[in-house]
Amino acid sequence: MRKVFQEELKLVHEDLVEIARLVETALDKAVESFQNTDVDLAQEVIAEDARIDFRQTALDERAIDILALQGPVASDLRTIVGSLRMSASLERMGDLARHIAQLTRLRYPENAVPAPLARTFARMADLDKSLIEDVAQLLDTHDLALVAKIQGTNAEIDDLHASVFRAIADAGWTGSPALAVDAALASRYFERFADHGVSVARKVSYLVTGEWDGDMTSN
């Protein structure tokens, strides 16, 4: 019976890693569509989000079955409950990648990236791509050195997010109101994507150490 239980836990772990990899692919495509006004690729991201949702639902059902049938305690219970919460964060990251793609589609054939902020958004995109790659690796390996790296990446994204709002609020902003709205929305999507990545990282840290990390309860 214990062997079956451990195999179920292993499958939950593998599902989490797979969802993270799907989110990583979704973000890569969403960023490319956003930067290159590729509406076909944007539509692909939008359509494929259902696959992430399906995998999350399947993981949650598996985890709930384990809770109901196996009655896990201590660290095993922590693993199952943490996996349910992490899968929700990963699903939300997939949604945010979809939102970026939807913004591309909404503004097509115009570019959704405001020209004065192109370098800022390029940096935010690169940081988010690095962050989800690290999140997937952390889920796979439980290498806690990645937690601090993810948090550092998030801090830089927060700074860039704040700079976008300063730019569109500045008296020297020459873009249209529509461009300002696009910039605010896109910046928020990139920033929240990173926040959810940090939430996952903190929960992995808790699963490994059994100790909450500072603000973890707020994520």
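Entry 1, fold. I followed the elements of the chain from the N terminus on and read α-α-α-α-α-α. The secondary structure comes to six helices and zero strands. I note that this is a predicted model.

Entry 2, overall dimensions. I looked up the extent of the C-alpha trace, which spans about 65 × 35 × 20 Å along its principal axes. I then compared the radius of gyration with the globule rule: for 219 residues a compact globule would have a value near 17 Å, and the chain has 19 Å, which agrees.

Entry 3, packing. I found that buried residues make up 47% of the 219 residues in the chain. Of the contacts with a separation of 6 or more, 81% are between residues 24 or more positions apart.

Entry 4, helix α4. I checked the span of α4, residues 118-141. Its 24 residues should span 34 Å at 1.5 Å a residue, and the end C-alpha atoms lie 35 Å apart, so the two values agree. Just after α4, I recorded a positive phi of about 60° at H142.

Entry 5, largest pocket. I noted a volume of about 150 Å³ for the largest pocket. Its lining consists of L9, K10, V12, H13, L16, T79, S83, M86, L139, H142 and L207. The elements giving two or more residues to this lining are α1 (2-36) and α3 (74-107). I assigned the largest share, five residues, to α1. By character, I sorted the lining residues into six nonpolar, four polar and one charged. H142, entered above for its positive phi, is among the lining residues.

Conventions:
Residues numbered from 1 in each chain as written. Predicted model: local features only at pLDDT ≥ 70, side-chain atom pairs only at ≥ 80, totals over all residues. Heavy atoms only, no water. 1 Å grid on protein atoms, 1.4 Å probe; cavity = no way out; pocket = protein on both sides within 12 Å on 5 of 7 lines; lining within 4 Å. Points joined across faces, edges and corners; volume = space filled by probe spheres on them. Nonpolar A, V, L, I, M, F, W, Y, C, P; charged D, E, K, R; others polar. Expected span 1.5 Å × (residues − 1). Rg over C-alpha atoms; globule rule 2.2 N^0.38 Å. Buried < 20%, exposed > 50% of the residue type's maximum accessible area, 1.4 Å probe, protein only. Contact = heavy atoms within 4.5 Å.
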